[in-house]
Structure formats: structure tokens, C-alpha cells
Amino acid sequence: MFATAFLDLPPLEEAAGKVILPGSKSISNRVLLLAALSEGTTVIHDLLESDDTKVMLDALRALGCSVVHSGPSLEITGFSPPPSGGRSGGGRSAPEAERPHPSPPPKGEGAKRLFLGNAGTAMRPLTAALALLGGDYEVSGIARMHERPIGDLVDALRQLGCRIDYLGNEGYPPLRIHPADALQLAAPISVRGDVSSQFLTALLMALPLVATQDIVIEVVGDLISKPYIEITLNMLQRFGIAVRRDGWQRFIIPAGSRYQSPGEIHVEADASSASYFVALGALAAVDQPVRIEGVGADSIQGDIRFLDAAQAMGAQVTSGPNWLEVKRGAWPLKAIDLDCNHIPDAAMTLAVMALYADGISTLRNIASWRVKETDRLAAMAAELRKLGATVVEGADFLRVAPPATWTSAAIHTYDDHRMAMCFALAAFNPAGTHVRILDPKCVAKTFPDYFEALFSVTRTDAPHIPVLCVDGPTASGKGTLASQVAHRLGYHYLDSGALYRITGHAAVHAGLSLDVAHEHTIARMAETLPIVFHADRVLLDGVDVTDAIRTEEAGMNASKVSALPAVRTALVALQQSFRKLPGLVADGRDMGTVIFPDAPLKVYLTASAAQRAERRYKQLISKGIPATLPALRADLEARDARDSNRAVAPLKPAEDALLLDNSGQSVEESVAQVLKWWDEKQAFAPR
């Protein structure tokens with residue numbers, strides 16, 4: 001997952017290949033709570049691993065639920081009932097000892113506190129379940145969660161006799177839930193349906209806990225996001241609850257309802273996440289399709305109806321059991337005018353697709369966007385305009401005219417995963433302008449590996465993939481600088497010196513002398529070396545050689561093999577193969593002069609021989625290796641002379657390299673300087 005402050009996307013051109021989607025967030029958190037409320041143990045397969053499911057699991061553990069990881073699956077054992085003789089009655093509809101019950105807080109500690117982040121799929125259903133089960137709780141989240149309304153759900157629960165207080169602003173979390181004295185279940189319960197479908201979902205999931213008589217829920221106003229209610233009803237059915245309904249206005253929880261574990265359940269892949277790759281296929285899959293595995297057109301999720309909208313815009317879609325394939329059809333895409341009430345989350349992807357349409361597109365009936373992770377109507381309008389689109393933002397609609405002239409933009413994501421994911425598609429713009437995604441790690445809410453998945457099925461010409469080169473003499477600190485810059489940018493990292501060290505290491509272990517006598521044998525070996533850079537480790541054919549190639553002897557051997565022209569030629573293509581999306585930071589001695597001469601930023605890092613000798617001395621002494629400063633300095637000066645005067649690719653700055661003398665700088669200061677230079681090279685304003 002990208003944990004960087006921003007991610008720069010170069011111009012992207014084509015797409016093809018296979019993507020395996022993560023599990024559905026909507027289904028995952030419903031299944032977790034239903035399993036916790038059920039009798040028995042539920043084995044859950046293909047559960048989404050994300051921020052939202054993490055906060056739900058943390059809450060369930062805090063409430064006393066058994067959570068056991070079993071390989072890739074998860075075993076949830078429902079809450080144990082309290083010992084016989086526990087509190088009961090008080091107007092409740094079933095003896096409490098017969099129902100699952102979360103563990104109470106320890107004596108004297110007051111309310112049990114549950115932090116639910118920005119997960120509406122955890123906050124709303126847990127609030128309802130805890131209010132009905134009884135107990136003393138405080139539920140809270142991040143600042144944005146405290147701006148997301150919950151008043152209509154609280155009003156509905158208060159009709160039942162639940163005792164809930166607001167700890168901040170009226171109608172919003174955080175909340176204090178108190179034990180109810182009695183529940184009033186005879187009269188129908190009214191809940192608004194035009195703000196969030198999660199209010200109705202919360203009641204549908206919680207009320208079976210107390211249903212010794214039929215319980216009626218009546219929806220006031222038009223129910224939005226009906227497909228999400230269909231998911232809820234489907235999941236309830238899987239756990240033994242058969243809700244009856246009269247259209248979308250009246251729902252009946254049957255008397256005697258009781259949750260029963262289905263034993264095992266598989267979480268369907270996320271249809272909302274599929275929308276980005278459906279759009280990707282419509283935009284850029286020209287010759288071969290984008291194949292999406294984990295969800296098919298027969299999905300139970302409402303957002304699968306995004307396929308209809310994508311096809312209306314020109315996508316070619318084929319489907320089978322649990323898979324989709326999408327290619328570009330019409331180009332440019334066709335403008336649409338669509339009521340998006342049935343696909344509120346996936347409709348955000350349509351707004352970005354509208355940038356590539358042949359006219360003005362209008363997305364209607366999307367007022368619910370305003371109470372999501374951010375005010376998505378305002379956010380989408382603001383960020384689409386940055387790219388050059390003309391946008392009209394209405395109370396419940398968005399009208400988008402494609403850019404007459406595309407402009408590079410840094411996209412603010414508002415801590416909203418869907419903003420980051422859908423705006424990444426703007427990198428396919430025909431003008432080849434650059435897009436920066438701010439706070440890309442917000443995708444962890446539902447799709448932690450989204451950008452890795454995106455880059456795995458996209459391509460662009462190599463010159464479009466940015467490379468930052470850091471060259472310099474031995475012990476200048478270029479490896480430390482380059483690896484940290486790569487981490488900050490979310491780019492791949494190439495330690496070219498390690499390639500030469502690995503080649504020397506492999507040649508020595510093969511019994512070869514490091515001279516012209518075995519030059520071509522070593523070169524042939526170098527062409528196929530199975531090298532993997534993994535975090536801070538280096539693997540050769542699966543064996544960790546990190547420490548073995550960092551010795552002084554390995555460094556000398558690297559210098560010897562790097563002076564062999566055939567070996568250098570063999571390693572050029574290997575080094576260039578590291579140039580992959582979204583970008584590369586490469587360090588060495590000829591990255592900017594020989595390997596990547598077109599790199600947009602080249603840094604030549606140096607320091608005085610005395611300073612470099614002192615750094616090397618401290619490194620060796622800390623490892624218990626004896627050394628003297630004069631000997632180290634003499635060795636570095638000799639190596640500098642040898643590297644600078646070799647016939648092939650001598651050590652020298654590229655003509656357009658920026659010189660950085662870090663003799664008096666900390667690593668952090670050097671990293672900041674390189675990032676500043678990188679920002680100055682970009683087409684949009686620095687962050």
C-alpha cells in the first residue's frame with residue numbers, strides 16, 4: 001500500500017490484464033456483525049482487509065467476541081450469553097440470557113469506549129445493536145464521522161425506548177448508549193429513508209435480537225440507495241432472518257427471529273471497486289480487455305448496475321461466473337443523463353468518465369453524496385474543475401462538460417478513498433497532462449492495494465515513466481538518500497551498485513576470476529540473475545544476500561566486474577527493466593549518464609573524502625569491524641580515481657545533473673532538497 005503524502009501519476013496510455021478484486025466492504029462489515037450476533041461459529045472467506053473492517057473487528061473484540069484467524073479465513077464465534085440469573089425483563093421482549101450479549105466493561109470503569117474511525121458501516125449498525133442489547137457504551141470516530149448525521153437512527157431507536165445521548169452536536173456522533181429500562185415494540189418504528197440507507201440497515205440488523213413479536217419498520221419519504229438494502233436483506237436471509245416487506249416503505253421482522261450461523265460464508269468481491277476497472281477498460285483497453293475477477297453481472301450488490309451506465313457510455317462488457325471483461329467501444333465516450341440513486345458510490349466513477357465524453361453529462365439524485373466520507377458533491381465539482389472541466393453543482397446533481405483544455409492538477413482527496421481511486425483515471429487524458437493524488441493512502445479504507453492493482457494492468461511508453469537518478473562516489477550516502485526518496489514518492493528503488501555486487505558475488509561463488517579471462521561468462525550469468533529487491537533486503541535466487549554483498553570485499557569485487565564492458569552491457573537492460581509505474585529512483589555511478597539519460601531529475605551527490613571516510617569508519621566500527629580513518633580515506637581516494645578514469649562509463653556528473661554536497665547535511669535535509677527539486681520539475685504547483 002502507498003503510504004506516501006502524494007503520488008504522481010505520469011500520462012497513462014493503455015490497459016489490459018487481470019485484476020482480482022478485494023472483498024466487498026458493505027458485505028464484509030455486515031457479515032462480521034451478523035456473525036457476532038449469531039449462535040455458533042462462522043468461518044468467513046475472502047473478507048476485505050481494510051481500515052473499515054479493522055475498526056469493526058477491533059470493536060467486536062472489545063465487546064468480547066472471539067475472532068480467530070485461520071489461514072486466509074476468519075472464524076467468528078458469537079457473543080456468549082451472560083450467566084443465568086443475569087439481568088432480564090424490564091419490558092424486554094426476550095430473556096436476555098437467551099440472546100448473544102457483549103461483555104460489559106469492568107466494574108468501576110463506566111462506559112465501554114468504541115472508536116469506529118470513519119466507518120459508517122460500523123457506526124450505524126453497532127449503535128443500533130448495542131442500544132437494543134443493553135449496556136453502557138460510548139461510540140465515536142474521527143472528526144469527519146462526527147459530521148455525518150445519525151439523528152434519524154437515534155430518533156428511531158428512541159421510539160423503542162432506547163436511551164442514547166449526544167456527547168457533541170445534536171444529531172451527530174459521538175454517542176453515549178445507556179441500558180434501556182424497557183422496549184416498546186408494538187407500534188411501527190418510523191425511520192427516514194432519504195438521508196442514508198444505513199439507518200434502515202442498522203434497524204434491520206438489530207431488531208431480530210428482540211423479535212418475540214412481529215416488529216414493523218416504516219420508511220418515511222423515498223428510500224435512497226435501495227440496492228444496499230437488498231444486500232442487507234440477502235445477508236439476513238443467510239443468517240436465518242426472513243424479513244417480509246411491502247415495497248420499499250414497510251419491513252416486517254417476523255416474531256421468533258433468531259440469528260443462526262450459516263457455518264461458512266464467502267464475501268463477494270466489491271462491485272464498487274470493480275467500477276474503476278470497468279471504467280479503465282472503457283477508457284484504455286483497446287486491443288485486449290481488462291479482466292476483473294471476483295464479481296460478475298449476477299452480483300447481489302447494487303453497484304453492479306454500474307455496468308449498465310458504463311455500457312451506455314460505450315463500454316463493451318462480457319461476463320461469466322464471478323468475472324467481467326471490459327474493452328473500449330465508443331470513443332470518445334458517450335455523454336449520459338442518468339438517475340444515479342441506485343449506484344451512489346459507483347456514480348463517482350461516472351463523473352470522471354464524463355471527462356472523456358462527447359458532450360455534457362448529468363448525474364442526478366445523488367444528494368446522499370453530501371453525507372458520505374466527505375461532501376462528495378462539492379469535492380467532485382472542485383477537483384473536476386482543476387482538470388479543466390466545466391461543472392455545475394446542484395443540490396442533488398452534478399453536470400460535467402469535458403475539458404476544452406486539460407490541465408495538470410494536484411487532486412485533493414479529502415480523506416475519501418473513492419476520490420483517490422476514481423481520479424486516478426484522469427491520468428489517461430489525451431493531452432498527456434500529469435495528475436498528482438494527494439494522500440493516496442486513504443484507499444486503505446476499502447482497497448489497500450488499489451494503486452498496485454491499477455499499475456499492474458496499465459502501460460505507458462517508457463519515457464513517460466519518471467526516473468530520479470542519484471549518482472555519486474563511494475560512501476557519499478547515495479543509497480540511503482535514494483531509498484528514502486523512493487519511499488517518500490511511492491516509487492520503485494534500484495540500487496545499481498547492488499547489481500554489480502551481486503554479479504561479483506555470484507561469479508566468485510561460481511569459481512570465476514573477475515577479469516577479462518571470464519568476462520563473457522560473467523556477462524551471460526549477469527543477464528539472467530534472479531534478483532529481487534524486497535523492502536531493505538536483497539534476494540538472489542531466493543537466498544538473502546543482503547549482508548554478503550555489503551562487505552568491503554564485495555565492494556571491491558563490484559568495481560572489478562563493473563570495469564568489464566561485456567558485463568556492463570549485460571546489466572544495462574536489467575537495470576532499465578526496473579523502470580516501472582509509477583516511477584523509479586535509481587542510485588549508482590552512471591544512472592544519469594548511461595542508463596537513464598532521459599531522466600527528468602538527476603542528482604550528483606558528493607561529499608569530501610574526509611567526510612566520507614568518517615561515515616564509513618563509523619559504520620564499520622558499529623559492526624565490530626576494525627578500521628582506521630587514514631586507511632579508509634586513502635582507499636576512497638584511490639577508488640574515486642579508478643572510477644573516474646575507467647575507459648567505460650567513468651564516474652562523472654551528467655551535464656544536466658544538480659550537484660548536492662551533503663558534507664554538512666543530515667539525511668533528512670538531503671531528502672528534503674531532492675523532493676524540492678522534484679516538485680519544481682512538476683507541471684502543477686507544489687503541495
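This report walks through a predicted model of one protein chain, from its overall build to its inner spaces and a few residues worth a look.

**The chain as a whole**

Let's start with the big picture. The chain has 687 residues, and 57% of them are buried. Its secondary structure adds up to 21 helices and 33 strands. Measured out along the principal axes, the box that holds the C-alpha atoms is roughly 90 × 60 × 45 Å. Contacts between residues 24 or more positions apart make up 75% of those with a separation of 6 or more. About 26,200 Å² of the chain's surface is accessible, and carbon and sulfur atoms account for 52% of that.

**The spaces inside**

How many cavities of 30 Å³ or more turn up in a search of the whole structure? The search finds three. The largest holds about 200 Å³ of space. It has 20 lining residues, and the closest to its centre are Thr 121, Arg 148, Gln 198, Asp 345 and Lys 372. Helices α1 (25-37), α3 (120-133) and α5 (197-206) are the elements that each give two or more residues to this lining.

The second largest cavity comes to about 70 Å³. Among the residues that line it are Ser 26, Asn 29, Arg 30, Leu 33 and Met 56. Thr 121 and Gln 198 belong to this lining too, and both are also among the residues closest to the centre of the largest cavity. Once more α1, α3 and α5 each supply at least two lining residues, with α1 giving the most, four residues.

There are open spaces as well. The second largest pocket takes up about 400 Å³. Of its 17 lining residues, Leu 21, Pro 22, Gly 23, Asp 46 and Leu 47 lie nearest the centre.

Here is how the three linings divide by class.

| Space | Volume | Nonpolar residues | Polar residues | Charged residues |
|---|---|---|---|---|
| Largest cavity | about 200 Å³ | four | eight | eight |
| Second largest cavity | about 70 Å³ | four | five | one |
| Second largest pocket | about 400 Å³ | ten | three | four |

**Gln 198, a residue on two linings**

Gln 198 sits in helix α5. Is it buried or exposed? Its relative accessibility is 16%, and the cut-off for buried is under 20%, so Gln 198 counts as buried. Leaving aside residues up to four places away in sequence, Gln 198 touches Gly 120, Thr 121, Arg 124 and Arg 148. Two of these contacts, Thr 121 and Arg 148, are named among the residues closest to the centre of the largest cavity.

**Helices and buried residues**

Helix α7 (residues 271-284) makes a neat check on geometry. At 1.5 Å a residue, its 14 residues should span 20 Å, and its end C-alpha atoms are indeed 20 Å apart. Why call α7 largely enclosed by the rest of the structure? Because 14 of its 14 residues are buried.

His 417 belongs to helix α11 (residues 417-423). With a relative accessible area of 0%, His 417 is buried. Its contacts, not counting residues up to four places away in sequence, are Lys 25, Glu 373, Arg 376, Cys 442, Val 443, Lys 445 and Thr 446.

Leu 620 is found in helix α19 (residues 609-622) and is buried as well, at 8% relative accessible area. Beyond residues up to four places away in sequence, Leu 620 touches Glu 552, Ile 625, Ala 627 and Leu 632. For a sense of scale, Leu 620 and Ser 257 are 363 residues apart in sequence, and their C-alpha atoms are 70 Å apart in space.

**Backbone oddities in the loops**

Now for the backbone. Pro 173 and Pro 174 are joined by a cis peptide bond, with omega about 5°; Pro 174 lies in the loop between β9 (163-166) and β10 (175-178). Another cis bond links Trp 331 to Pro 332, with omega about 0°. Pro 332 is in the loop between β18 (323-327) and β19 (337-339).

Asp 415 is not a glycine, yet its phi is positive, at about 55°. You'll find Asp 415 in the loop between β23 (409-411) and α11, where it is partly exposed, with a relative accessible area of 39%. Asp 541 also has a positive phi of about 55° without being a glycine. Asp 541 lies in the loop between β29 (537-540) and β30 (543-544) and counts as exposed, at 61% relative accessibility.

Definitions and conventions
Residues numbered from 1 in each chain as written. Predicted model: local features only at pLDDT ≥ 70, side-chain atom pairs only at ≥ 80, totals over all residues. Heavy atoms only, no water. 1 Å grid on protein atoms, 1.4 Å probe; cavity = no way out; pocket = protein on both sides within 12 Å on 5 of 7 lines; lining within 4 Å. Points joined across faces, edges and corners; volume = space filled by probe spheres on them. Nonpolar A, V, L, I, M, F, W, Y, C, P; charged D, E, K, R; others polar. Expected span 1.5 Å × (residues − 1). Buried < 20%, exposed > 50% of the residue type's maximum accessible area, 1.4 Å probe, protein only. Contact = heavy atoms within 4.5 Å. Areas by Shrake-Rupley, 256 points an atom, 1.4 Å probe, with all protein chains shown as cover.
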